[in-house]
Amino acid sequence: MLSLHGAGVSDGISIGAAFVLSRELPDITPQTLTPENVEQEVERFIGAVKAAREQLLKIREQIPRDAPLEAASFIDTHVLILDDKMISAAPIEIIRKERRNAEWALKIQSDRLSEIFEKMEDAYLRNKQTDVRQVVERVLRNLLRGPDEDDKLDPGEIVVATDLTPADTVVLKHKRIHAFVTTMGGPISHTAILARSLGIPAIVGVHNATRYVRGGEEIIVDGKRGVLIIAPDANTVAEYRKRQRDILRRREELARLRRSRAITLDKQDIVLLANIELPADVKAAIDAHAAGIGLYRTEFLFMNRASPPGEEEQFRAYVRVVRALPNKPVTIRTIDIGADKQVDGAAHSVGRLPVNPALGLRAVRLCLSDPSMFRPQLRAILRASAYGRVRMMIPMLSSQDELFRVLDLVEETKSQLKRQGHKFNPRIPIGGMVEVPATAISADLFAPHLDFFSIGTNDLIQYTLAIDRTDDAVSYLYDPLHPAVLRLISLTIEAGRKARIPVAMCGEMAGDARYTKLLLGLGLREFSMHPATLLMVKRNVRISHAAKLAKLARRALASRDTEAVHELIDYENGDDAA
Ligand code: PEP
Ligand code: MG
């Protein structure tokens, strides 16, 4: 028995036989062709591209009806890339001119493309590198091995792979795969995001998993704790079967809370909102009876596609969400794309990332530096505000000047829309995310210019503790209970209270039931989280006395070290937290 650890990105436990999907391609070596073999090699290359195309179209047809609509667009992007001359024609030139084998020609061309992508200043386009690499690998696999191994999967197996493309994820769901484990990738990789929306337990970043797991071997995937157990003994299997049953029972118990109010014992109403990535996630938010959407990460609309969505497409996506939640707030965050959102499984193999990507041109900085990308989104959000309770939220604010520039752009856009006869809510609430320590420290300066704050703890913790949230080598330092983090949260809540604007939290901390009591004690009254965790947080709200918890918060804030805060919280939670 052996345990390996990674990041649990999609909850649940699965016990079953492993299917090791080895995607490691053998080293490609150059071979020189005799002149009479050149055309035959060209044909072989064309055949591999054709096979790759057919596989993608077949996968597209297999997308289950209940899969997010975006799954199809991920695959369309791959077809578009495959059809591009850079992939489908340039290698033929190399085969003919240099008389090289097809694999080598494709490799040369792919290296050239990587170089071009590396130099691109546009973060959005640079992000496309992952898709290009996945398409190149698909063609290479066809050249080297014939058809994809995916087709050989039997139902009920747990897939262990180096990396999965979005297309793979859809196929796996269709084939009723119960879980998957990848050696690469982080919690914000496409794979992880799709796994969550498709509801498959998953762990990513489990180094060496493909090396240690043998095909057919029994394994356990714990998607919550991020643990992979290989060849478990009978006791471990029994223990996990029991945990599987417990999870099921707990889910049934929690499901009964769906219609209950999120109210504390001392009658404080708490607003529990949902975070969504794609319009299709709204269903999960409605199922969990969320009070609205506290964070709609619109950047996912911009990923995995050949060109960014225009104003109309964005408008339709936003209206779809707003219409699905009548009379409920929908907080649309302006695009937060940047280097960090590109760190998915591919990053390690596609080459160097920009230096300090998290400190670079991302989110509002990128939007202000490229208003041609930002303006259509502002127009789409404003136009969607005519259809419901839309709120706009600005990520990564670090200076007031940035905020004023955004507000000016919003005013300009409003005037333009008015002139053009478009409807919108002229008093659309505009909120700012508190994710940078400077912003939390000076929250009192931002508050008078905003309608609400939302604390993004994922980034706030990263920047406060100086740890890259995507680097698993330092993830042990990532601690929401660090006294510095708690002080910044408290400062922000206080600034909001004094300025009489609501303060929400939409980072992962808000959805972790272990922290519900502490956050209530700190004065937080709006929590936004992945819909899967909402009922757990609601359960803890309902057993909490908010006023009494203020004392707990004061003690936590006065604690001398992180360990002391952990002990305090564990003691307070007893067996209550999930
Ligand atoms: C955060 O930083 O806490 C947040 C909610 O934003 P994201 O995770 O999308 O960066
Ligand atoms: Mg963030």
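Student: Which residue stands opposite Phe-180 in E6?
Tutor: Phe-180 faces Ala-202 there. The model is predicted, so local features require pLDDT of at least 70 and side-chain atom pairs count only at pLDDT 80 or more, whereas totals for chains, interfaces and linings use all residues. Residues are numbered from 1 along each chain as its sequence is written, chains are lettered from A and ligands numbered from 1 in the order in which they are written, and side-chain values use heavy atoms, with hydrogens and water left out.

Student: What makes strand E5 and strand E6 a pair?
Tutor: Two strands pair if DSSP finds at least two bridges between them. Strand E5 (residues 179-182) and strand E6 (residues 202-204) run parallel and are joined by two bridges, so the criterion is met. Strands, like helices, are DSSP runs numbered from the N terminus (at least two residues for a strand, E; at least four for a helix, H or I).

Student: How do you know which strands are at the edges of the open sheet?
Tutor: The order of its eight strands is E1-E8-E7-E3-E4-E5-E6-E2, with mixed pairing. Strand E1 (2-5) and strand E2 (7-10) each pair on one side only, and they are the edge strands. The average turn between neighbouring strands of this sheet is 30°, direction ignored.

Student: Why is the other set of eight strands, E9 to E16, called a barrel?
Tutor: These strands close up, in the order E9-E10-E11-E12-E13-E14-E15-E16, with parallel pairing. Neighbouring strands here are turned by 25° against each other on average, direction ignored. Within the barrel order, strand E12 (residues 389-394) and strand E13 (residues 430-434) pair in the parallel sense over three bridges. Ile-394 has Gly-432 in E13 as its bridge partner.

Student: What is the angle between helix H23 and E9?
Tutor: Helix H23 (residues 531-542) runs at about 165° to E9, lying across strand E9 (271-276) and strand E16 (526-529). Angles run from 0 to 180 degrees between N-to-C directions, the axes being lines fitted to C-alpha atoms, for helices over the stretch in contact; contact means heavy atoms within 4.5 Å.

Student: Why is the Arg-53 and Asp-83 pair called a salt bridge?
Tutor: The term needs a side-chain nitrogen of Lys or Arg within 4 Å of a carboxyl oxygen of Asp or Glu. Between Arg-53 and Asp-83 the N to O distance is 2.9 Å, so the pair qualifies. Arg-53 lies in helix H1 (residues 38-62) and Asp-83 in helix H2 (residues 70-83), so parts that are 30 residues apart in sequence are tied together.

Student: What makes Arg-112 and Glu-98 count as well?
Tutor: Their closest N and O atoms are 4.0 Å apart, and they form a salt bridge. Arg-112 belongs to helix H5 (residues 102-119) and Glu-98 to helix H4 (residues 90-98), so the link spans 14 residues in sequence.

Student: In the salt bridge of Glu-312 with Arg-383, is Arg-383 buried or exposed?
Tutor: Buried means under 20% relative accessible area, exposed over 50%, and partly exposed in between (1.4 Å probe, protein chains only). Arg-383 has 9% relative accessibility and is therefore buried. Glu-312, at 40%, is partly exposed. The closest N and O atoms of the two are 2.9 Å apart.

Student: How many salt bridges are found in the whole structure?
Tutor: The search gives 28. A network of salt bridges links Glu-299, Arg-333, Asp-336, Arg-362 and Asp-459.
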